[in-house]
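I opened this one to look at pockets and surface patches. Here are my notes, in the order I made them.

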Amino acid sequence: MGAKISISLTDEHARLVNEAVASGDYASSSEVIREALRDWRGKRLLGQLWDEGIASGHANEGETIAEIKDAARRRRSGG
């Protein structure tokens, strides 16, 4: 089992968590919070990847997605 952490929620957030459990979609409030944290982590990762993509510059006109992927694989493998 993981670490126990106490958090405070707004009344609205507490109501949402309780509703999610009451609906039967989740067995406990901990499950609701764990899923929310997984979603948050995924959203942050997607944002980081988006920012990296934007920072990498414009694609060459006429370059296909296959060519872009091949170039990315070569950069990743160091070749």
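I began with the second largest pocket: 13 residues line it, and Gly-53, Ser-56, Gly-57, Ile-68 and Arg-75 lie nearest its centre. A pocket here is an open set of points on a 1 Å grid where a 1.4 Å probe fits, with protein on both sides within 12 Å along at least five of seven lines, and lining residues have an atom within 4 Å of a point.

Note to self: this is a predicted model, so local features need pLDDT of at least 70 and side-chain atom pairs 80 or more, while totals for chains, interfaces and linings use all residues. Residues are numbered from 1 along each chain, and side-chain values use heavy atoms, without hydrogens or water.

Back to that pocket: it holds about 320 Å³. Helix H3 (65–77) and H2 each supply at least two lining residues, and H3 gives the most, with 4. Helices are DSSP runs (H or I) of at least four residues.

Next I looked up the largest pocket, at about 470 Å³. It has 13 lining residues, and I found Ala-3, Ile-5, Ser-30, Ile-33 and Arg-34 closest to its centre. Helix H2 (residues 29–55) gives the most to this lining, with 5 residues.

Last, the surface. Ile-5, Ile-7 and Leu-9 make a nonpolar patch of about 320 Å²; such patches join nonpolar side chains within 5 Å, from residues with over 30% relative accessible area and no salt bridge (Lys or Arg side-chain nitrogen within 4 Å of an Asp or Glu carboxyl oxygen). I placed Leu-9 in the segment before helix H1 (11–22). Leu-9 counts as partly exposed because its relative accessibility is 39%, between the 20% and 50% limits for buried and exposed (1.4 Å probe).

Note on methods. Grid points are joined across faces, edges and corners, and a volume is the space filled by probe spheres set on the points. Patches are made of residues with over 30% relative accessible area and no salt bridge: like charges are joined within 9 Å, nonpolar side chains (Val, Leu, Ile, Met, Phe, Trp, Tyr) within 5 Å. Accessible areas come from the Shrake-Rupley method with a 1.4 Å probe; for residues, only the protein chains shown count as cover.
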